[in-house]
Amino acid sequence: MKSLARRVDEPLFLVARAGDYSHCLHMEGGSRPVKTFNETVGGIRLLGLGVPSFAMLAHMDDCEVLAHYGRFQEEYLKNRMTLARLRKWVDEARQQGFSHILGKGVRGVGVRFAFGVSGEAALGFVSPSSRLTEEEYKEACKPSFGFDRILTEEEQKRGALAKMYPLPRWNVIP
């Protein structure tokens, strides 16, 4: 994470899937930190309301995505996320192999990967467009950037991330 954060020079988030939500386990700051991002660590967000969590949502099959949206339609609509927009972005993320945002003054990339034996996690960053040029953004979207080499397959099987960032035990997810 440290090397990726240095390459993108922006805060990099590690999130794990917790049912219909993503839980931010860690943030690795770049040299240009965003003060409010520190408050994100430990937080829980609905899948699809953050670039890294959207990468996990796009990995679900169509029936799961529709059922998920149905359960949380009110919250999605509060965030101006219609079903048509969600499906468009899910399709784009599936075709590209990562989620991305480009617009409304921000740019970012999210990549999903296996977390332990049966879990999911994602890494991602979001940056103000003024700090991340279009060329830098396009470079971060390329497989050669390194998001696809977070952990080796053997490390994933051994659950390396689960040991480094154990999920908290909770009985109820808000």
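**Entry 1. The question I began with**

Which helices and strands each supply at least two residues of the lining of the largest pocket? I looked this up in a model that is predicted. I found that β1 (12-18), β2 (21-28), β3, α2 (51-57), α5 (83-96) and β4 each do so. Within this group, I noted that α5 gives the largest share of the lining, namely six residues.

**Entry 2. The pocket itself**

I then looked up the volume of the largest pocket, which is about 1,000 Å³. Its lining consists of 34 residues, and those closest to the centre are Arg45, Leu49, Gly50, Val51 and Ile101. I also wrote down a general point: rolling a probe the size of a water molecule over the atoms shows where empty space is left.

**Entry 3. The chain as a whole**

I counted eight helices and six strands in the protein chain. Read from the N terminus, I recorded their order as α-β-β-β-α-α-α-α-β-β-β-α-α-α. The protein chain has 174 residues, of which 43% are buried. Its accessible surface comes to about 9,700 Å², and carbon and sulfur atoms hold 53% of that surface. Among the contacts with a separation of 6 or more, I noted that 55% are between residues 24 or more positions apart.

**Entry 4. The sheet**

In what order do the six strands stand in the sheet? I read the order as β3-β2-β1-β6-β5-β4, in an open sheet with antiparallel pairing. β3 (44-46) and β4 (99-103) are at the edges with a single partner strand each, so one side of each has no neighbour in the sheet. On average, neighbouring strands of this sheet are turned by 25° against each other, direction ignored. I added a general remark for later use: in a regular strand the side chains alternate between the two faces of the sheet.

**Entry 5. Strand β5 and its two partners**

How many bridges join β5 to β6? I found ten bridges between β5 (residues 106-115) and β6 (residues 119-128), and these strands run antiparallel. As one pair across them, I noted Ala114, which stands opposite Glu120 in β6.

I next turned to β4 and β5, which are joined by five bridges and also run antiparallel. Here Leu102 has Arg107 in β5 as its bridge partner. The hairpin of β4 and β5 has two residues between the strands, and in this hairpin I noted that Lys104 takes a positive phi near 50°.

Key: Residues are numbered from 1 along each chain as its sequence is written. This is a predicted model: local features need pLDDT of at least 70, side-chain atom pairs count only at pLDDT 80 or more; totals for chains, interfaces and linings use all residues. Side-chain values use heavy atoms; hydrogens and water are left out. Two strands pair if DSSP finds at least two bridges between them. Helices (H or I, at least four residues) and strands (E, at least two) are DSSP runs, numbered from the N terminus. Axes are lines fitted to C-alpha atoms, for helices over the stretch in contact, and angles run from 0 to 180 degrees between N-to-C directions. Buried means under 20% relative accessible area, exposed over 50%, partly exposed in between (1.4 Å probe, protein chains only). Contact means heavy atoms within 4.5 Å. Accessible areas come from the Shrake-Rupley method with a 1.4 Å probe; for residues, only the protein chains shown count as cover. On a 1 Å grid over the protein atoms alone, a cavity is a set of points where a 1.4 Å probe fits but cannot get out, and a pocket is an open set with protein on both sides within 12 Å along at least five of seven lines; lining residues have an atom within 4 Å of a point. Grid points are joined across faces, edges and corners, and a volume is the space filled by probe spheres set on the points.
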